[in-house]
Amino acid sequence: MGIKQIAWAAVVGLMLPLAACAPQPEATTSTTTGSAQPLVTGAIPDQDPEKLQRLYSKLAAYLEKELGVKVEYKPVTDYAAAVTAFKVGDLDLVWFGGLTGVQARLQVPGAEAIAQRDIDAQFHTVFIANKNTNIAPFTDISGLQQLKGRTLTFGSDSSTSGRLMPQYFLKQAGVNLQDFKGEVGFSGSHDTTIKLVEAGTYEIGALNEQVWNSRLEAKEIDLDKVQVIWRTPAYYDYHWVINPTVKQRYGEDFVTKVQQAFLKLDPQVPEQKEILDLFGAAKFIPTQNANYANIEAVGREIGKIK
């Protein structure tokens with residue numbers, strides 16, 4: 001071997017370990033759990049944060065397995081924050097109430113309502129009262145008249161079942177917010193509404209029927225102190241809304257894949273039954289934007305949608 005050949009071999013020998021240590025290009029596929037950009041899910045904070053964390057952590061694990069992409073759950077501080085995060089693209093897939101879902105979709109052209117629980121096509125609000133009020137349960141909407149002069153708390157200011165629809169039905173009965181004693185309250189969540197009325201901080205409260213029934217089943221409500229006095233007529237409420245930008249990242253058929261993942265949740269599979277139970281549902285069913293036209297109309301009527 002000549003001098004030049006020996007020198008070249010030495011150079012190559014020095015370069016080999018350097019090449020082995022050099023950073024390798026990252027995989028660019030976005031359809032595996034190794035994707036650098038996860039699908040970020042969120043939800044309106046309508047219940048106790050610990051309960052929500054448990055629910056959405058389990059759901060994220062399920063969706064990650066079904067969709068083949070990394071899925072993260074990102075909690076938000078309030079209802080308005082969920083809408084804003086969806087608008088700016090910080091959340092890709094959000095569990096909204098009827099009103100917040102409409103608000104979000106109006107700000108994100110192409111956003112789609114894709115799935116709801118079986119109970120959300122026929123949803124109800126319940127009005128509850130502290131038993132010291134001596135208000136007996138009633139079935140006719142005219143019974144709301146006897147709430148005048150009482151203290152009242154809604155849930156979140158942007159809640160469909162905890163503010164929008166109860167205010168709508170009060171108006172239908174000829175009861176305005178000015179008819180209540182003092183300022184109407186906004187508890188922030190359905191669980192807090194129950195606690196405030198149970199404690200007597202407010203005499204009357206309005207909340208999501210599903211949360212009431214769930215807490216009742218868990219024996220977390222003192223029925224010696226608080227009771228349901230009226231159940232509203234049915235309306236559409238909670239639903240999943242997906243941001244159209246996911247199609248650019250994961251493919252044109254991704255929205256359909258996400259919808260199918262919700263629809264195939266099976267109560268016969270223990271892990272999936274746990275998710276459905278936490279949602280208070282027997283199954284998920286398809287939905288579409290048009291189902292919430294009435295919610296939008298009511299939102300505009302009371303000034304929650306401009």
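**Figure 1. Salt bridge between D157 and K304 in the predicted model.** D157 forms a salt bridge with K304, and the closest N and O atoms of the pair are 2.8 Å apart. The model shown here and in the following views is predicted. D157 is located in the loop between strand 6 and helix 5 (160-172), whereas K304 belongs to the segment after helix 11 (293-301), so the pair ties together parts that are 147 residues apart in sequence. D157 counts as partly exposed, because its relative accessibility is 32%. A search of the whole structure finds 16 salt bridges, and further examples are given in Figures 2 and 3.

**Figure 2. Salt bridge between K171 and E301.** In this pair the closest N and O atoms are 3.5 Å apart. The salt bridge links distant parts of the chain, with K171 in helix 5 and E301 in helix 11, 130 residues apart. K171 has a relative accessible area of 42% and is therefore partly exposed. E301 likewise counts as partly exposed, at 41% relative accessibility.

**Figure 3. Salt bridge within helix 10, and a salt-bridge network.** The side chains of K273 and D277 meet in a salt bridge with an N to O distance of 2.8 Å. Both residues lie in helix 10, where K273 and D277 are four residues apart, about one turn of the helix. K273 is partly exposed, its relative accessible area being 36%; D277 is also partly exposed, with a value of 46%. Salt bridges that share partners join R54, K58 and E274 into one network.

**Figure 4. Helix 2 and its packing partners.** The 19 residues of helix 2 should span 27 Å at 1.5 Å a residue, and the end C-alpha atoms of this helix are 26 Å apart, which agrees with that expectation. At the start of helix 2, a side-chain oxygen of D48 reaches to within 2.9 Å of the backbone nitrogen of E50. The helix is followed by G68, which has a positive phi near 75 degrees. Buried residues of helix 2 are L52, L55, Y56, L59, A60, Y62, L63 and L67. The buried residues of this helix pack against several strands, namely strand 1 (39-43), strand 2 (71-73), strand 3 (93-96) and strand 10 (239-242), and also against helix 9 (254-263) and helix 10 (270-279).

**Figure 5. The largest nonpolar core and a second, separate core.** In soluble globular proteins, nonpolar side chains tend to be buried together. In this model, the largest nonpolar core has 79 residues, and those with the most contacts inside it are Y56, W240, F262 and F279. Helix 2 (residues 49-67) supplies the largest share of this core, eight residues. Leaving aside residues up to four places away in sequence, F262 touches L59, L63, L93, A115, W240 and F284. A second, separate core has nine residues, among them V126, I194, L207 and I221.

**Figure 6. Strand 5 and its two antiparallel neighbours.** Six of the six residues of strand 5 are buried, so this strand is largely enclosed by the rest of the structure. Both faces are covered: T125, F127 and A129 are buried on one side, and V126, I128 and N130 are buried on the other. Strand 5 is joined to strand 8 (residues 204-208) by five bridges, and the two strands run antiparallel. In this pairing, F127 stands opposite A206 of strand 8. Five bridges also join strand 5 to strand 9, again in an antiparallel arrangement. Here A129 of strand 5 stands opposite Q227 of strand 9.

**Figure 7. Positive phi at N134 and K219.** Most residues other than glycine have a negative phi. N134 has a positive phi of about 60 degrees although it is not a glycine. The position of N134 is in the loop between strand 5 (125-130) and strand 6 (152-154). N134 counts as exposed, because its relative accessibility is 69%. K219, also not a glycine, has a positive phi of about 60 degrees. The loop between helix 7 (209-217) and strand 9 (226-231) contains K219. At 74% relative accessibility, K219 counts as exposed.

Terms used: Residues are numbered from 1 along each chain as its sequence is written. This is a predicted model: local features need pLDDT of at least 70, side-chain atom pairs count only at pLDDT 80 or more; totals for chains, interfaces and linings use all residues. Side-chain values use heavy atoms; hydrogens and water are left out. Buried means under 20% relative accessible area, exposed over 50%, partly exposed in between (1.4 Å probe, protein chains only). A nonpolar core is a set of buried Ala, Val, Leu, Ile, Met, Phe, Trp, Tyr and Cys residues joined through side-chain atoms within 4.5 Å. Contact means heavy atoms within 4.5 Å. The expected span of a helix is 1.5 Å times one less than its number of residues. A polar contact is a pair of N or O atoms within 3.5 Å; within protein, one must be able to donate a hydrogen and the other to accept it, and residues adjacent in sequence count only if both atoms are side-chain atoms. A salt bridge is a side-chain nitrogen of Lys or Arg within 4 Å of a carboxyl oxygen of Asp or Glu. Two strands pair if DSSP finds at least two bridges between them.
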